Amino acid sequence: MTLSFFDQFMSPTLLGIPLIALALTLPWVLFPKPSSRWLNNRVLTLQSWFINGFAQQIFQPINQEGHKWAALLTSLMIFLITLNMLGLLPYTFTPTTQLSMNMAFAVPLWLATVIIGMRNQPTHALAHLLPEGTPTPLIPILIMIETISLFIRPLALGVRLTANLTAGHLLIQLIATAALVLLPLMPTVAILTGALLLMLTLLEVAVAMIQAYVFVLLLSLYLQENV
Amino acid sequence: MGGHDAGTHQFTGLAKYFNAYTMIGRRNCVLATYATIAGIVLFFKLKPKKQAAVTEK
């Protein structure tokens, strides 16, 4: 079987059983549930600090009504960051490289924010489509531009996460292959390529965390506009 | 966020309802634009198509 560089992005199956379900449920078993103890162990304490800190930071600019989304967005953040980080391990499959999955997150959540805005404050939501102080001749065209940008939002959310993760994984595989192939031919160049690979891996760790954060942050901003 | 009305504007006539400064004005501009686009689309959809006369030899 000839392998290509894109085989790492194929949804894995074993005897016809889709293993993506396993890949998606793996983050759930990695995190301990809160205990009823008065003082938890270090792992649970760190986890609680992270969850509380993140929730406070994201929801501080959002009014009380929007705080109902705290559990959803915080769990989404933990889920995405875990999937992204686990995908950096060798020979693992990263579910967030699948555009279908990222769109499945982006579209319903974005749509929910738009529907909430239209239901609770329709005047405010519609008025958002025309920036204040627009010169009169530009009004119709700007409304159309703003409408297009509104509908592009879920696409941008999904594609941003997919493209960043896919590109990163592809680069890692390319540079690792280059280092391996160059090792018997030009060892010095191979060592330099290895150093580049190390820096790229560190970058990908940062990208994995940042992209998960950006996804959730943008959703919280869309919520802030509409709630 | 730009959600509050600029209270110093005194609009008269059509500008009272269609302007880019008040919430109501901005909303009405948006609705008017959508209605115009819908009207244009409906006009071209419902326009009767002229059938070319076929002459039999």
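**Exercise 1. Two annotated spans of chain A**

How far apart are the end C-alpha atoms over residues 138-159 of chain A, and what percentage of the chain there is helix?

*Solution.* The model is predicted, so that local features need pLDDT of at least 70 and side-chain atom pairs count only at pLDDT 80 or more, while totals for chains, interfaces and linings use all residues. Residues are numbered from 1 along each chain as its sequence is written, chains are lettered from A and ligands numbered from 1 in the order in which they are written, and side-chain values use heavy atoms, with hydrogens and water left out.

Step 1: the end C-alpha atoms of residues 138-159 of chain A are 30 Å apart, and the span is 95% helix and 0% strand. Helices (H or I, at least four residues) and strands (E, at least two) are here DSSP runs, numbered from the N terminus.

Step 2: take residues 171-199 of chain A, where the span is 97% helix and 0% strand, with its end C-alpha atoms 12 Å apart.

Step 3: UniProt, in an unreviewed entry, gives the feature "transmembrane region" for several stretches of chain A, including 138-159 and 171-199. Such annotations may be inferred rather than shown by experiment, and their positions are given in the numbering used here, with feature names shortened.

**Exercise 2. Chain A as a whole**

Describe the order of elements in chain A, its extent and its surface.

*Solution.* Step 1: chain A holds seven helices and two strands, and along the sequence these follow the pattern β-β-α-α-α-α-α-α-α.

Step 2: the radius of gyration of chain A is 22 Å, whereas a compact globule of 227 residues would have one near 17 Å; the radius is taken over C-alpha atoms, and the globule rule is 2.2 Å times the number of residues to the power 0.38. Along the principal axes, the C-alpha atoms of chain A fill a box of roughly 70 × 60 × 40 Å.

Step 3: of the 227 residues of chain A, 35% count as buried, where buried means under 20% relative accessible area, exposed over 50%, and partly exposed in between (1.4 Å probe, protein chains only). The accessible surface of chain A comes to about 13600 Å², and 74% of this belongs to carbon and sulfur atoms.

Step 4: among contacts (heavy atoms within 4.5 Å) in chain A between residues at least 6 apart in sequence, 73% join residues at least 24 apart.

**Exercise 3. Chain B**

What does UniProt place at residues 24-44 of chain B, and how much of that span is helix?

*Solution.* Step 1: the record, an unreviewed entry, places the feature "transmembrane region" at residues 24-44 of chain B.

Step 2: the chain is 100% helix and 0% strand over residues 24-44 of chain B, with the end C-alpha atoms 30 Å apart; chain B as a whole has one helix and zero strands.

Step 3: buried residues make up 18% of the 57 residues in chain B, and the accessible surface of chain B comes to about 4800 Å², of which 65% belongs to carbon and sulfur atoms.

**Exercise 4. Two residues and their contacts**

Is Q98(A) buried or exposed, and which residues does R160(A) touch?

*Solution.* Step 1: Q98(A) lies in the loop between α3 (70-86) and α4 (99-120) of chain A, and Q98(A) counts as buried because its relative accessibility is 17%. Apart from neighbours within four places in sequence, Q98(A) is in contact with F9(A), I20(A), F93(A) and T162(A).

Step 2: R160(A) belongs to helix α6 (residues 139-185) of chain A and, at a relative accessible area of 29%, is partly exposed. Not counting residues up to four places away in sequence, R160(A) touches Q211(A), V214(A) and L218(A). The C-alpha atoms of R160(A) and I175(A), which are 15 residues apart along the chain, are separated by 22 Å.

**Exercise 5. Positive phi in loops**

Where in chain A do L15(A) and Y91(A) lie?

*Solution.* Step 1: L15(A) lies in the loop between β1 (13-14) and β2 (17-18) of chain A; its phi is near 55°, a positive value in a residue other than glycine, and L15(A) is exposed, with a relative accessible area of 83%.

Step 2: Y91(A) lies in the loop between α3 and α4 of chain A; Y91(A) has a positive phi of about 65° although it is not a glycine, and Y91(A) is exposed at a relative accessible area of 86%.

Notes
Areas by Shrake-Rupley, 256 points an atom, 1.4 Å probe, with all protein chains shown as cover.
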